[in-house]
Amino acid sequence: FSWILGGDYLHIVKGIPVYELPNRSRAEHTKIAVNKLLEQKVKLILFVGGDGTAKDIAEIASDTPILGIPGGVKIFSPCFLHKPEDLGDFLERWNGEVNEVDILDLDENEYLRGNTISTLVGSAIIPVSTFIQVGKNSFTAENDSQTYQLIAERIREEEWLESKIILIGPGSTMKQIFSYLNSQISLLGVDVIQNGDIVKLDCTEEEINKFKIDQIWITPIGGQGHIFGRGNKQINMHLLEQMEKSDIKIFSTPAKLRETPQLYLDTGRDRKSVV
C-alpha cells in the first residue's frame, strides 16, 4: 500500500502518497514506510498484519500511536482491533487517549518444543479503546495438568470419540488434552481424527472439505476469547453453517475462562462478539 487514507481513492479521501512498497516486501521496507509516515506528522499509524508487523512498526514509531487491523497468522499482542469492521466505530469514537503496551510474538524455540508461549519483543503506544483486544495469555500444562487429565477422562467415559469424524482446532489446551488421550495432534494446525485415530494433521481448507465432519472441537485463545477466525481460518463459514451448535465443543480450563470474559467470532461473515 503506497498511500495514507487514500492513495488511488483521492476523490473520496484526501491522501498523500509517501512510499511505494515493492511487491515482495520485508521488514526493512515496513520500517522505511513507517519513517515516511512519521515525517508527515501523523497522529495514528494503522497497519494490516500480525505480531511480526507490529514488532517492526513499534521499533520505529516509539512515540506515535499504532493500531493493527488483524490480518496475520499470529495476533497475540494487545495492539489489534477485535475485527476489521470495528475500525470505523473506533475512529469515530476515539478521544485521543493512549496507553503503552507490550508487543508479543510467538517464541519460535518453544514452538519447536511443542509449546505456544508468547515472548516480549517490544512496546508500543496504542489508543485506549474497548474495540482493541487484550494480549494473549499462555496457559501451560504445569498450571492445569490435572484439569487436562480430567477432561481426557471425561472424553473416554462419555465415548465422545466413538464413530465420529472430528475436526480439532489449534492451541496448547487441545494438544495437552489429547496427550492424555495418547494422541499427538499438531499445535498450531487443524487436524482430523476418526474414532479417536489421527487421519490427517495440519489440514488445509481444501483437505478439510474432503471429509464429512461430524463435530468441531476448539479452545478459545486465552485472554482474547476468539474461537473462530483467528488461528483456525481453515475452518470456513460453509462448514460452520452445516454444523449443529451441539456439534461444536469448546474446551477450556477454569483458569483460562477466568481470564477470558468474552468469546468472539471473526469468520468473515456476520462477525460479532458472543458474551
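**View 1. Ala27 in helix H1 of the predicted model.** Ala27 lies in helix H1, and the model shown here is predicted. With a relative accessibility of 32%, Ala27 counts as partly exposed. Its C-alpha atom sits 6.3 Å from that of Asp56. Along the chain, Ala27 and Asp56 are 29 residues apart. Ala27 is also among the H1 residues that meet H2.

**View 2. The crossing of helices H1 and H2.** H1 covers residues 27-39, and H2 covers residues 51-60. Their axes come within 9 Å and cross at roughly 45°. H1 is therefore oblique to H2. The crossing is right-handed.

**View 3. Residues at the contact of H1 with H2.** On the H1 side, the residues are Ala27, Thr30, Lys31, Val34, Asn35 and Leu38. They meet Asp56, Ile57, Glu59 and Ile60 in H2. By class, this contact has five nonpolar, two polar and three charged residues.

**View 4. Ala33, a buried residue of H1.** Ala33 also has its place in helix H1. Its relative accessible area is 17%; the cut-off for buried is under 20%, so Ala33 is buried. Leaving aside residues up to four places away in sequence, Ala33 touches Tyr19 and Leu21. From Ala33 to Ile57, the C-alpha distance is 9.1 Å. In sequence, Ala33 and Ile57 are 24 residues apart.

**View 5. Helix H6, mostly covered.** H6 runs over residues 172-179. Seven of its eight residues are buried. These are Ser172, Thr173, Met174, Lys175, Gln176, Ile177 and Phe178. The charged residue Lys175 is thus listed with nonpolar ones such as Met174, Ile177 and Phe178.

**View 6. Ser252 and its contacts.** Ser252 is found in the loop between strand E10 (248-250) and helix H9 (254-258). Ser252 is buried, at a relative accessible area of 16%. Residues up to four places away in sequence are not counted in its contacts. Beyond them, Ser252 touches Ile151, Thr173, Thr219, Pro220 and Leu257. One of these, Thr173, is a buried residue of H6.

**View 7. Glu159, with positive phi.** Glu159 has its place in the loop between helix H5 (141-158) and strand E5 (165-168). Its phi is near 55°. That is a positive value in a residue other than glycine.

**View 8. Asn182, exposed and with positive phi.** Asn182 has its place in the loop between H6 and strand E6 (191-194). Its phi is near 60°, positive in a residue other than glycine. The relative accessible area of Asn182 is 69%, and exposed begins over 50%, so Asn182 is exposed.

**View 9. The whole protein chain.** The chain has nine helices and twelve strands. Of its 275 residues, 47% are buried. Its accessible surface comes to about 14900 Å². Carbon and sulfur atoms account for 48% of that surface. Take the contacts between residues at least 6 apart in sequence: 60% of them join residues at least 24 apart.

Definitions and conventions
Residues are numbered from 1 along each chain as its sequence is written. This is a predicted model: local features need pLDDT of at least 70, side-chain atom pairs count only at pLDDT 80 or more; totals for chains, interfaces and linings use all residues. Side-chain values use heavy atoms; hydrogens and water are left out. Axes are lines fitted to C-alpha atoms, for helices over the stretch in contact, and angles run from 0 to 180 degrees between N-to-C directions. Helices (H or I, at least four residues) and strands (E, at least two) are DSSP runs, numbered from the N terminus. Angles under 35 degrees count as roughly parallel, over 145 as roughly antiparallel, 65 to 115 as roughly perpendicular and the rest as oblique. A crossing is left-handed if the near helix is turned anticlockwise from the far one by less than a right angle, and right-handed if clockwise. Contact means heavy atoms within 4.5 Å. Buried means under 20% relative accessible area, exposed over 50%, partly exposed in between (1.4 Å probe, protein chains only). Accessible areas come from the Shrake-Rupley method with a 1.4 Å probe; for residues, only the protein chains shown count as cover.
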